[in-house]
Each structure stands twice: as C-alpha cells, then as structure tokens.
Amino acid sequence: MLHMLAKPIELAARSLHTSSRVLASKKNEFGISLNPKWTRVNEKVHPPEQPVTPYVQYARTDVRGGVKKYLPLVWKIRGLSIDDAIAQMDFDVHKAAKEVKKALEEARRIAVSEHNIEYGSNMWVAEATVSKGTHFKGVRRHSRARYGEIAYKFSSVQIRLEEGKPPKHYYVPDLTPEQKLQQFKMELDRRFVEYSI
Amino acid sequence: MFGGAMNNRHRDPKWKKHRANKVFKVKLPDFEKFRDVADGKIARNEVRREMKKRGIAPCRKWDEKPIFFSTLTGVIEPYVPPEGDGKASLLSKSGALQKMEQLQKKSVFTWHLRKLKQFETDFSIADFASEANDLYIKAHEALAEQDQDKLFSLVTEAAYPEMMANVEHKTLRWQMLGSLEPARVVHIRTQSLLTNDNTFAQVTVRLHTQQTLAVYDRFGRLLHGSEVLVKDVLEYVVFEKHIANLYGQWRLHAKIIPDWKASKEPSKRTFVEPEVEAPEETSESTETTTPGAEEPKAAQGEART
C-alpha cells in the first residue's frame, strides 16, 4: 500500500496555516492614512435592484500647501470631464496644480483597474474638495528676544469621479438678459405697497 | 483672499543670508515618498538602505507562530471522472469500460473505507452522500451571503481562499433548485500525517444538480450568469475531515475539475486591453526599439476617446 505514503511531507508543508488575522489599521507605518473616510464609500455594494451610476472616490492626503492654495484649483475642475480637468491642471502655473493632476490620474487609474469602469476618459469630476491636513509649526526669530510662528501646511485633496458625460451646468449659470427682465417684472408684480389703491 | 501675489522679497539683498538664519530649520516628512513606499513604487531593499543610512533599526518582528494541522492542502490521489459522465450509458462501449475500471479500483476503495471506519464507527456511505449535499448547499449559501465566519466553519482553510477569491464587493445570487440524480460517494482516501495515527479522510461525492447563478458588480450591473437561467451542474466535490481529531468535522475541501470539461462562458462586460510592456531586449537594439514602442501606445490612447 504505497499510496499511504503519497507525499505526506509535501502535503504537510503546504498545509501550514501560519498567518494570523491582521486587523486593518487606519494608518500605515509612515503615518499615511491608507483608508481615509472619503474612500471608504468605495467598499459599498449597491443591490442589483437599485443600481447606481458607477463612481469612484479618491483622496490624496497630506500634499504640500495650505487649503487656500488648492481651493481655486478644485473650483476650476468641478463639473469638467476627466480629460479636460487634467488638461486644465497641466497648463496651470501653480505648484499645487501638479498635485491635483496626480490625484486625478490616480483616481482614473483606480476606477479602470479596480471598479469595472471600461473607458478612463468616460468620466467627469462630480466632486472636488480640499481639506486641512497635517500642519507643522516652525519658529522664526524676531527682534527683542521675541519669536514668531511659521506654519508648514499640508492639505488633502478629495475627488469623486462618475461615469458618463459631464452635465451642461455644474454651477448655477448666470441669468440671461431675458431671464433677468422676467425676474424684475415678477418682483414688481409681487411687491406690496402699503396704503395703495 | 486669493488675489495676486504679494512681493515678499526685501529690496536689499545684502543681508539675505542673515535674515534666512533667523528661521529655525524644520525637517518636514516627505509624505510623497511615504506614499510611494506604501504603493510599492519604491523597492523594499531601497527602503531598507534608506533606513540603514538614517540609522533607524527595523522594528522587532513577532516571529513565533502557532502551527496547527487542520487540513491537507492537496487532494490525495484525486478521483479521475470518467469522460462523458452523465451522458455515456452502461450499454455503450465507453460506459462498459468505465464500469470495468471502477470494479478494478474497488479493493483500494474498501481498504480506505475500512481505515475510515476505524475512526468513524458509524460512517455510512449512503448517509454521507445526503449529508455532503446539505453541506454543499450551506457552504454555497454562506458564500452567496458573504458570511465569512459561517463559510469558514463549513469549508477547509485550503478551500476558503479559493472560494473567496474575486467575490469581494460583489453581489452573488445563487440558488440550488434540486438534484437530477441522488448524490453518490465515488472515492474515499485516507492519509496519515507526521505520525501514523494522525489521519485525514477525503471523500469525493458526485453531485448532479440544477442551479442558478448571477454575479453583479458593486454598482448593481450584471457581470456573469442570470437569475432565471437554470443550469445542470455536474460536480465532483471533495469533503475532508481530520478523523483523528475528536472534534473534527466534515468540511468542503476541493472540487475536481476534469480535463474534458467544456470551456467557461466568457465575461459579459468588456474591458480596454491593458498596455503590456514589451520584454526588454539586448542592449544592441534598445535605441531602435524605443521610438517604435511609443506608437502602439498613442494608437490605444486614440481608441479610448
């Protein structure tokens, strides 16, 4: 009965289950948040009865620069298609635009490789926000034995991409002259003049 | 607030260096580099070199790990399903040959069955077949519900990663509608590990059933199968038990996939083919190949838009 001894050692070596269950940590060994709250929606599974437009959220945490440096940039790209947004960031002279561009490209890569979105170009920037990240304090000498504080600021850029073409208007558009006239007339009609006839 | 830039240069550059010295130097962490390390863009040995340069000792590892043999990773002498099973009749030539082969293997079968019964005194082949069928249903229901704890109690540690592969963030709709033929035990093998009495048993059960399966992705789009299309499924499922263990339980261990199995139905969704880098050639032709390699990339970029 040779088959009784059929490679027992080899089978044994392969059946060593030595890995213990590792709890998911919020930050990695370098302090980068691996799973920020913004990206946690990517784990949500929608039931087939209520399908949604495919979307991906991505956060680039602790990029150099304060919120004020990033805000005008994220205002600029909201409601643009992903290619247009990247092009905008490409031609922007500000240093922070490079970081936003990297965030957009990474979000697109994740969308295509992990979330079943077929075409990387068929997406638009549904949301783009920026929030305060880690700040470091520095010191600067003043005269008369006084000191001033310097803040070294980091921010995080959050992006949400949705599949499809961008809407015609993301921000509420300005009123046309005709619409303004209509509005003015409506206000006049609605006014209430006390003690009038 | 976001207006033009203020000129923050001093009119006299003479004391520039002295003014700079007023600022205490702060070493800021390079988050960008950390991110690259976390993403695996920087090689591990390069990180080690960097840590060594800075004189940072690696943190102590907890190397002690408990070892417990709860399963065999492989299948002992896997059952070879007869070709055309479920189709070839006993009266046909191939059917008769299959029956002959089965009879020849009967002695080995009974030897292992006797070995199994040394540990499992009340083991009955007929009862086990129906028990295996129930176990199969329970395990697959747990998989469809993605109830990981329940699934872990029903399948072996070897089978668990295979079953859980690629089901993350997906919705599975699975139903067992009934059996076309009663479940049947076709194969029994036992094996001892390290010591003679530390024995595992593996029983292969033939299941001929009707099932439906539909897989949806995270957004509720259909990836594979259908919820209404009923399919006949013929499977050879291996169940395993650590019979030497007093608290051992029968668990789903593996499925035997025969060579003659028909190819799988392709995925319903389509994807853009990923750009695969050409393998590096010898140093002579590197300069000539690089401009050529860019052309297909550009062509693909156009195809995407």
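This is a tour of a predicted model, going from chain A to chain B.

**Chain A: the sheet**

Select residues 55-64, 123-141 and 147-163 of chain A, which are strands β1, β2 and β3. They form an open three-stranded sheet in the order β1-β3-β2, and the pairing is antiparallel. Strands β1 and β2 of chain A are the edge strands, each paired on one side only. From one strand to the next the twist averages 15°.

Now keep β2(A) and β3(A) on screen. These two strands run antiparallel and are joined by 16 bridges. To look at one bridge, show F136(A) and Y152(A): Y152(A), in β3(A), is the bridge partner of F136(A).

**Chain A: a helix pair**

Next select helix α2 (residues 67-77) and helix α4 (residues 96-114) of chain A; their axes are 9 Å apart and the packing angle is about 55°. The two helices, α2(A) and α4(A), are therefore oblique to each other. Their crossing is right-handed.

Show side chains at the contact. From α2(A) come K69(A), Y70(A), L73(A) and V74(A), which meet A96(A), A97(A) and V100(A) of α4(A). Sorted by class, this contact has six nonpolar residues, one charged residue and no polar ones.

**Chain B: the annotated domain**

Move to chain B and select residues 110-257. An unreviewed UniProt entry places the feature "domain: Tim44-like" here. Over this stretch the chain is 45% strand and 30% helix, and the C-alpha atoms at its ends are 24 Å apart.

**Chain B: the sheet**

Within chain B, pick out the open sheet of four strands, ordered β1-β2-β3-β4 with antiparallel pairing. Which strands stand at the edges? They are β1 (171-192) and β4 (251-256) of chain B; each has a single partner strand, so one side of each lacks a neighbour in the sheet. The twist here averages 30° from one strand to the next.

At the β4(B) edge, add strand β3 (residues 222-241) of chain B. Five bridges pair β3(B) with β4(B) in the antiparallel sense. Show V237(B) and look across to K255(B) in β4(B), which stands opposite.

**Chain B: helices on the sheet**

Add helix α5 (residues 106-119) of chain B, which packs on the sheet and touches β1 and β2 (199-216) of chain B. The direction of α5(B) makes about 95° with that of β1(B).

Finish with helix α6 (residues 125-145) of chain B. Which strands does α6(B) lie across? Helix α6(B) crosses over β1, β2, β3 and β4 of chain B, and runs at about 135° to β1(B).

Methods:
Residues are numbered from 1 along each chain as its sequence is written. Chains are lettered from A and ligands numbered from 1 in the order in which they are written. This is a predicted model: local features need pLDDT of at least 70, side-chain atom pairs count only at pLDDT 80 or more; totals for chains, interfaces and linings use all residues. UniProt positions are given in the numbering used here, feature names are shortened, and annotations may be inferred rather than shown by experiment. Axes are lines fitted to C-alpha atoms, for helices over the stretch in contact, and angles run from 0 to 180 degrees between N-to-C directions. Angles under 35 degrees count as roughly parallel, over 145 as roughly antiparallel, 65 to 115 as roughly perpendicular and the rest as oblique. A crossing is left-handed if the near helix is turned anticlockwise from the far one by less than a right angle, and right-handed if clockwise. Two residues are in contact if their C-beta atoms, placed from the backbone, lie within 7 Å. Ala, Val, Leu, Ile, Met, Phe, Trp, Tyr, Cys and Pro count as nonpolar, Asp, Glu, Lys and Arg as charged, and the others, Gly among them, as polar. Two strands pair if DSSP finds at least two bridges between them.
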